[in-house]
Amino acid sequence: NIFMWKFSLCFCPEPVLLFANRIDIRQVLPHRSEYTLLLNNLENAIALDFHHSRELVFWSDVTLDRIMKANLNGSNVEEVVSTGLESPGGLAIDWIHDKLYWTDSGTSRIEVANLDGSHRKVLLWQNMEKPRAIALHPIEGKIYWTDWGNTPRIEYANMDGSNRRVIADTHLFWPNGLTIDYASRRMYWVDAKHHVIERADLDGRNRKAVISLPHPFAITVFEDSLYWTDWHTKSINSANKFTGKNQEVIRNKLHFPMDIHTLHPQRQPAGRNRCGTNNGGCSHLCLPSNKTYTCACPTGFKKVDHHKCLDKFLLFARRTDIRRVSFDTEDMSDDVIPLADVRNAVALDWDAKDGYIYWTDVTTDSINRALWNGTKQEVVVDTSLESPAGLAIDWVTNKLYWTDAGTDRIEVSNADGSMRTVLIWENLDRPRDIVVDPIGGFMYWTDWGANPKIERAGMDASSRIVIISSNLTWPNGLAIDYETKRLYWADAGMKTIEYGNFDGSDRQVLIGSQLPHPFGLTVHEDKLYWTDWQSKSIQKNSRMLLCGSECEFLCVFTPLVHNPCSVNNGGCSHLCLLAPPPKASSCACPTGINLQNDGKTCTPGMSSFLVFARRTDIRMVSLDIPYFADVVLAVNSSMKNTIAIGVDPKDGRLYWSDSTLKKISRSNINGTAHEDIIATGLMTTDGLAVDAVGRKIYWTDTGTNRIEVANLDGSMRKVLVWQNLDSPRAIALYHEMGYMYWTDWGEHAKLERSAMDGSDRVVLINNNLGWPNGLAIDMAGSQLLWADAHTERIEASDLNGLNRRTLVTPVQHPYGLTLLGSHIYWTDWQSRSIQRADKNTGANTITVRANLPGLMDIQAVDRDRPLGFNKCGRRNGGCTHLCLPRPNGTSCACPTGILLKGDARSCDDSPETYLLFSNRVSVRRISLDTNDHTDVHVHVPELHNVISLDYDSVDGKLYYTDVTLDVIRRSNLDGTDMETVISQGLKTTDGLAVDWVARNMYWTDTGRNTIEVARLDGTSRKVLVNNSLDEPRAIAVFPSKG
C-alpha cells in the first residue's frame, strides 16, 4: 500500500501556486511553503495566467499598460500587447484554442488575441463598466467575468462574445477574484467589500457563502482546497472548498499579493479543439462558441463571408499615437497601431500598394513610415524639416509629397526619402494640407498665411495657379473625390466644409453649420469624414468617435492610372514626376543639382556650394539654384563634435576634424569612401585648410598649440609652428603667394602670417581683437577678412594687416567665415544661422539658413573656378618628402623630428637621436635632433598595456612588454613586422633591456618575482634570479662591462 501511494505521487506532480506580487512573480508549494522567484524587477504585475503544455506564463502590468509573457522558467520575456491598454486588471488563457483574453477597466472592454498578441479583437464593450476578473471554460466554450462598476455583477458569454448573460447581480460590491472548478462544475468568487468567498453553479444557481475574510483579491481552486490572496493580511491562505474550515496561512509578509493560480495539468484539462488543425478555415480568428466555433475578424477588419476578413478602416493621428477604426463593426472601437516614439503626429497618408502608413511628426520634425501592423518602422526624412504639416502619396510613381509651414516649401522625394528635392519655395506662407491627383497630374494645397488660399500646380510644380482665395480663414484639410471630380476642403475659421471643381469653379458649401474646428478630411464612397480639434472627434454625417488631429481613409478609391514614368524612369536620370497633360511627366533633380539642357539628365553634383559643420553632421547648401536648402552629407560614420572643414575642389573631397573623436577624416562629396587620415596626436583641431593646388592639408590644434601639415592622405606629417601659440583657431592659405594666415584667440589675441613652411612668421594684428574666429582671404580684392565674436564685428584689412576697417557690425556670435564671388558667408552661434553680406561694403545682409543649432566652420566652394599654378607641381619641387610653398619659391621639408640633409632636398626615414616612450596604449618618439620636441606615434598595432620597452639599434627593432596580453613583442620602428617573441610564463613584465652585443634580452617579472633572459627571438629562455626579489621593476644592461 505504502509503495503504491509513493508510486502514484511520482506521476501526479505537486500543485504549485503561481502568484503576482506587483514587483515580481513567485511560486510557492502549498504544503511545504517553499518559495521561489520566477520573474523580478517588474513594475506593477497584477493579473496572471499560464499555459501548461506550452510552459508559458502571461501577466499584465498596469503601470506600463502592457501584457507580457515568459517561459515558466523565467526566460524569454516578451511584450504581447503594448498599445491601447489603460488598466488591464484580468487575463485568462484558452489552453485548447491558444487564445489570450483580457479585461480592461479603463477602456471598459474585454478583448481577445492570439498568444503572440496578433489578430487582436474587441470582443465585448457594450454595458461594460469596470470588468475585473476573468475565467475561461474552453471545453464548454464559455467566458466568465466580474464587473465592479456602479451595478456590480458576474456575467458569462460564449467565447466568441455571443449569448451574453448576467448570472449574479445581487449582494455584490467589489467582486475581485473568480475561478472555475472544472471537476465539480462550480465557480468561486471573492468580494473584497463584503469580505467573503462565495460559490455557485456555472449558471449562477445554488449560490452560497463559503468563508468570511478581511480583503480577498484573487482566488484559485485545486482538488478539495481553495487558495486566495489577501491585501489586508498580505498573505496567501487556504481552506476546505466545501466547508470553509481548516484555514491555513501558506505564506505571509508578502509585498503585495495580487492574482493567483494553481499551476498543475489538472487545472487545464484536455478538450476538443473546435478549430481543428486548419484554424476552422478562418482567415484570422477562430473562436469557440458553445458546441461549435465562429470565424471572427480583428478590430478594423470587415467580415466578407463566413470565413474571410478584409481590412478596411479609417486611420487617424492622435498626437502621440496613430489609430485605426473600422466603420464596418458596430462598436467602432479604435485600435492603436504599435509604433515607437510618436510625439506629435499630424499629417497622415497610406500607400495601398506596399501597405505602408506615412506620417509626419512636428515635434521630432520628421517623416516616418511603417507597415500598418507597426512593423518595419523607419524614419524617411529627418533633416531640414521645421513644421511638416501636410503629406500625400503618389501611389502611381511611388513618390512622397509634403508641405512645410516652417520653411514655407513643398518638397517631393521617392517613397523611401531618397532623391529629395524642393518643388515650390516662392510665395508660400504657411502651407498646410496637400493632396495629389495622379490621374490629372495635379497637386492641390491649402495655405493659411496672411492671404489664405487654395492653390493648384502640376505634380512637377508647373502651371501653378490660385483656385480659391476668397471667403477663407484657416483652410485645413483637403480631400479629392475621384468619382465626382470634386475637391473638398475644411475651413477651421469659417467653421465649414465646402467643395468645388478641380479648377475652383462651382464652389458650394456642404456643411455650414458652425463646425467647432475641422482639421483633417477624407472621402470614401459617398461619405465624408473629418476630424475636429475642439470636439476631439471624428465625424461622419452625424456619427461621432473620439479622436485627435488628422484623418485618412485607408481604402481610398485608387483607380488604375497609366504611368509615364514606368518605362525607363520616363527617360530621367533621377526623379520622374507626373505632370498635367499634354506633357504627362517631367524630370527633376535632387536638391542643389541642376537639370541639363536635355531636360532629362542631372549634372553630376553641385558645382558652387557652401559646406558647413554642425557638430554631429556636415551639410551642403547649393548656390547653383535659386533657393537655399541644406543637404546632409550621407557619410557612413558617426560624428560627435565636427568643428573644422576643408574642401578639395579638384578631387571633390571633404575633410573635417572631430574634437571628440580626435581625428581628421575625409570622404567624397557624395559621402562615399570615408576614411580617417589622422587619428593620433590630436586634441582640439579648430582650424583646417586644404591646399588643393599643392595637395596638402594644414590644421591648427588649440589643445597641443601647434600648426601642422601633411599630405592629403595624412602621410609625412610635420609640425610647422609650435612656439608662442596660445589658442590657434582659424587658418587660411594663399598658395600662389606662399603664405598661411591664422587667428589666435588666447590671452593676447592676434592674427598672424607665415610662409607655408612655417618660416618668416609675423604678427599682423594684435590690438582690438577678442575672439577672432573665422578667417578668409579675398584673393581678388587682396584683402584679409575675419570675424570676431567678442567685438561682434566682421573686419577687413589688406594682406599685411594694414588699412583695417569694419565690414559688418554688430554680429551676434560669428564663428566660421568664408567667401565666394562678391559675398561673404558666416555661421552664427547665437542666432543659429548662416548669414550672407557683400564682401566690400558689408551691406545687404540676408539669412541663408536658420534654425541650425551647433553650427561650426563653413567653407564656400566653386568647383568650376581654375585652381592656379602649383609651385611644387614639377617633380614635387625636387623634394624627397614634403614640398612647401614660400613667398619666393618653395622649400623642402621632412616629417616631424627629422632634419633636412645638406642637399636641402632629402630626408632620412627617422631621426638620428630620439627618445622612445610608452603611455600604455601607444608608443611614441620624441626627436632630439629638432627643437620642437613633438611626440610622434610609432604605429605599432594591438597595444593594450605597454609598460617597458627597449630598442635594438643593430636591427632597428623595438622590443616591448604588454602586461594585458602577458607577452613580449618586437616590431620595426614604423610598426611593420610585429611578432610575439615570448608568449607564455609571464605575469607582470615591468622591465626590459636588450643586450645589443650578445643579442639577448633581459626582463623582470614582478608577478613571478624573477629576472629572466632569452635570445632576441625568444629561444633559450632561462631564469637568472628567483630569490630575494620582492617587486623587481626597471632593468638595465652594460654589455661592454658584462
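Among contacts in the protein chain between residues at least 6 apart in sequence, what percentage join residues at least 24 apart? In this predicted model, the share comes to 41%.

As for overall make-up, the protein chain is pretty much a strand affair on paper, with 91 strands and one helix. Its radius of gyration is 39 Å, whereas the globule rule gives 31 Å for 1042 residues, so the chain is more spread out than a compact globule. Along the principal axes, the C-alpha trace covers about 115 × 100 × 55 Å. Even so, 58% of the 1042 residues count as buried. The accessible surface of the chain adds up to about 43500 Å², and carbon and sulfur atoms account for 47% of that.

The domain assignment splits out domain 1 (16–267), domain 2 (608–862) and domain 3 (939–1025). Between the C-alpha centres of domain 1 and domain 3 there is a gap of 69 Å.

Now to the rings. Searching the whole structure turns up 13 aromatic pairs. One of them is Trp231 with Phe256, an edge-to-face arrangement with 5.4 Å between centres and 85° between planes. The two partners come from distant parts of the chain, 25 residues apart: Trp231 is in the loop between strand S21 (225–230) and strand S22 (235–240), while Phe256 is in the loop between strand S23 (248–251) and strand S24 (260–263). Trp231 has a relative accessibility of 24% and so counts as partly exposed; Phe256, at 22%, is partly exposed too.

Another edge-to-face pair is made by Trp395 and Tyr482, with centres 5.8 Å apart and planes at 90°. Here the loop between strand S36 (390–394) and strand S37 (399–404) supplies Trp395, and the loop between strand S44 (475–481) and strand S45 (486–491) supplies Tyr482, so the pair ties together parts that are 87 residues apart in sequence. Both Trp395 and Tyr482 are buried, whereas Trp231 is partly exposed.

Back at Phe256, there is a bit more going on. Phe256 and Trp231 belong to one aromatic cluster along with Phe217. Phe256 also has a charge over its ring: the charged end of Arg22 sits there, 4.2 Å from the ring centre. A second arrangement of this kind involves Arg456 and Phe442, where the charged end of the arginine sits over the ring at 3.9 Å from its centre.

Note on methods:
Residues are numbered from 1 along each chain as its sequence is written. This is a predicted model: local features need pLDDT of at least 70, side-chain atom pairs count only at pLDDT 80 or more; totals for chains, interfaces and linings use all residues. Side-chain values use heavy atoms; hydrogens and water are left out. Domain bounds come from an automatic or database domain assignment. Rings of Phe, Tyr and Trp (its six-membered ring) pair if their centres lie within 6.5 Å; planes under 30 degrees apart count as stacked, over 60 as edge-to-face and the rest as tilted. Helices (H or I, at least four residues) and strands (E, at least two) are DSSP runs, numbered from the N terminus. Buried means under 20% relative accessible area, exposed over 50%, partly exposed in between (1.4 Å probe, protein chains only). A charge sits over a ring if NZ of Lys or CZ of Arg is within 6 Å of the ring centre and within 35 degrees of the ring normal. The radius of gyration is taken over C-alpha atoms; the globule rule is 2.2 Å times the number of residues to the power 0.38. Contact means heavy atoms within 4.5 Å. Accessible areas come from the Shrake-Rupley method with a 1.4 Å probe; for residues, only the protein chains shown count as cover.
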